[in-house]
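User: Please take a close look at one part of this model and explain it step by step. I am new to this, so define each term as it comes up.

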Amino acid sequence: MIDFKLSPEQELIRKTVAEFAAEVIAPMAAELDEKQEFSMELTRAIARQGYLGIIVPPEYGGAGACALTYCQVIEEVSKACAAQGVTMSLSNSLVAYPIMTYGSEEIKRRYLTPLASGEKLGCFALTEPNAGSDSSNQETTATDGGDCWIINGSKIFISNGGVADFAVIIASTNRAAKIRGLSAFIVDKGTPGFTIGVKENKLGIRASNTAELVFQNCRIPKGNILAAPGRGFRIAMDTLDGGRVGVGAQACGIARAAYEAAHKYAKERKQFGSALVDFQGIAHKLADMKLDIETTRLLTWKAAWLKDNKKRFAKDAAMAKLYGSEMATRVAHQAIQIHGGYGFIKDYPVERYYRDARILELYEGTSEVQRMVIASYVLGV
Amino acid sequence: MLIIVPIKQVPDTNDVRIDPETGTLIREGVPSIVNPEDRHAVEMALVLKDQAGGGKVVVVSMGPPQAEIALREMLAMGADEAILLSDRAFAGADTLATACALAHAVRQLGQYDLIICGRQAIDGDTAQVGPQLAEFLQIPQATYAQDLRLEGGKIRVERAVEGEVQVLELPLPALVTCLKEANKPRIPTLKGCIGAFREKPFQVWNASRIKVPLEQIGLKGSPTQVRRTFTPPPRGQGIVLTGDPQQAVQTLVQTLREKGIM
């Protein structure tokens, strides 16, 4: 039986998140984007609503919500501000998820509880200068120092990197073993040898923080490892699979914002004596945009449903992420087109949506990587 | 401290259209919301509970089964318990019959300290149910509250009346109706929403549960009935008197006299 209806609980969550997003987040979005500012104040307000620990189990202070509910929250917040959507999404799917799935009881208590309350922020560090799409090519090493692990190397393009209180990182404990030699660790901010490098100047999601992490003989406690040594690549891939469902929801959020702005403009703007929306060329654009958003939502919700029902969802998550990210760019592109010249200037929000949408095709696996993932499943290779 | 907040689920009047043929509301496809001032009443109750250092906020609503969602939303805001008065016997109630049913429900809740209502509902705009409820219960009331404080076992209420502020002190138990100026209702948190469905007590009470005589509720218990709803025809254009002020005043006075206003 297929049911496309959200539960009353999910409806209420969606409604209240939309209310919070419209009242608290949206009014700040343009200014934070312009100043390229990560707002700690706004992040704390988002945390107070419980949005940084959506999937964290209640025993660790989270809401313990399912993936489908998680998608509702991410979509509504991303609609108001894509950058806040990123901060939230990474806190849940890239930081909380690997800790709650692979962390020891002590690790879970130490990191999940403050993460869910917003007392501490986290980040997830996989990408390196020579490990982008080829994420297995990790040059960061973790050597056994007896009573500690000694980390050396650097991570780039790390969302929340400059503001996080701790980082979940992937490093090689055995370079000769390649993929099977990777492991996942948690490094606290302030640990000697762990510094923040350059803060990136970005095209979009400018109100999120993206920075480089540098490790030089950084010694961390022996217990700060997730699962056993050698499980790192599995942890990273599992983490990204879940993250991709969230990217589908981000895509829906950004695209809805673009669609709504375009729809409103098309009703108000008159040319040749008629509202733009009365021209078939514009009406059809809006119809296509709506269709595109709806398609992404179905793919995303299906992937979330599979995850919630403990079924394999990696292929479906990749499809939702791939289709959604390219869709968001398409829809934002059309939103600017409908606005004409006004869409190109910063007095209207659609240029921001266009810039924000672009990251979706790059992070958590580029479109090319998603096609690799999907192909490997559908071709059985 | 037990605070009771009666709330109403109403059609979102921002979305309401009127059928020009029949003059009735087109309710189809119109979303239902919690009456805006009732959200302020719940906020007032929650703040007061915190000030009192504990207690319980119980939200009550009379309505069809769908009104459950409105009560759940108030639980998500922070109310502790919800009771839905739902029974076919309640249907067709005017404000008196509604207040009567609410009064019987309140009596079932035992000893309470305060009842806070929204000033009025956006669908009926009567502002009667709060005051009527206080009369049924024979407790003091203060309407149009813009501020409410607990002071030594009593409440101090600021009433906004006709451009003035009247300060009243009331012994408890009492009933207060609150204005939207009183506060800013909190937006439910994620955990609040989940707890509202999974943890907090929610009960449905019928007419026999609240021990109310059937002739006092619903259509039977309603001395007033809506005969017709219509949209008043648009008013004609006003007249603007221009030119010489003396002449204009004369014309004005003459017109007012003709209309019997002066």
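Analyst: Two residues are in contact if their C-beta atoms, placed from the backbone, lie within 7 Å. By that rule, the contact between the chains takes 15 residues from chain A and 12 residues from chain B. Helix H1 (residues 8-35) of chain A gives 7 residues, the largest share of chain A's side. That side divides into 9 nonpolar, 3 polar and 3 charged residues. Here Ala, Val, Leu, Ile, Met, Phe, Trp, Tyr, Cys and Pro count as nonpolar, Asp, Glu, Lys and Arg as charged, and the others, Gly among them, as polar.

Two notes on reading this. The model is predicted, so local features need pLDDT of at least 70 and side-chain atom pairs pLDDT 80 or more, while totals for chains, interfaces and linings use all residues. Residues are numbered from 1 along each chain as its sequence is written, with chains lettered from A and ligands numbered from 1 in the order in which they are written.

Now to chain B. Its 262 residues include 40% that count as buried. A residue is buried if 20 or more other C-beta atoms lie within 10 Å of its own, exposed if 12 or fewer, and partly exposed in between; the C-beta atoms are placed from the backbone. The C-alpha atoms of chain B fill a box of roughly 70 × 45 × 40 Å along the principal axes. Take its contacts with a separation of 6 or more: 71% join residues 24 or more positions apart.

Chain B has 6 helices and 13 strands. These are DSSP runs numbered from the N terminus: helices are H or I with at least four residues, strands are E with at least two.

The part to study is the sheet of chain B. It is open, with 9 strands in the order S11-S10-S9-S12-S8-S1-S6-S7-S13 and mixed pairing. Two strands pair if DSSP finds at least two bridges between them. At the edges are strand S11 (164-171) and strand S13 (202-205) of chain B, each pairing on one side only. Neighbouring strands are turned by 30 degrees against each other on average, direction ignored.

Zoom in on S6(B), residues 56-62. On one side, 5 bridges join S1(B) to S6(B), and these strands run parallel. Ile4(B) stands opposite Val58(B) there. On the other side, S6(B) runs parallel to strand S7 (residues 81-85) of chain B, again with 5 bridges. Val58(B) faces Glu81(B) across that pair, and Val60(B) stands opposite Ile83(B). In a regular strand the side chains alternate between the two faces of the sheet. Because 6 of the 7 residues of S6(B) are buried, this strand is largely enclosed by the rest of the structure.

How does the chain get from S6(B) to S7(B)? Helix H2 (residues 68-77) of chain B links them in a right-handed β-α-β unit. Right-handed means that, with the strands pointing away from the viewer, the path from the first strand over the helix to the second runs clockwise. H2(B) is largely enclosed as well, because 8 of its 10 residues are buried. Among those buried are Leu71(B), Met74(B) and Leu75(B), and so are the charged residues Arg72(B) and Glu73(B). Just after H2(B), Gly78(B) takes a positive phi of about 140 degrees.

A second helix belongs in this picture. Helix H1 (residues 36-51) of chain B lies across S6(B), and also across strands S1, S8, S9 and S12. H1(B) runs at about 150 degrees to S8(B). Such angles run from 0 to 180 degrees between N-to-C directions, and the axes are lines fitted to C-alpha atoms, for helices over the stretch in contact.

Finally, look at two loops that adjoin the sheet. Pro173(B) is found in the loop between S11 and S12 of chain B. The peptide bond leading into it from Leu172(B) is cis, with omega near 0 degrees. Lys211(B) lies in the loop between S13 and helix H6 (245-258) of chain B. Its phi is near 55 degrees, a positive value in a residue other than glycine. Lys211(B) is exposed, with 10 other C-beta atoms within 10 Å.
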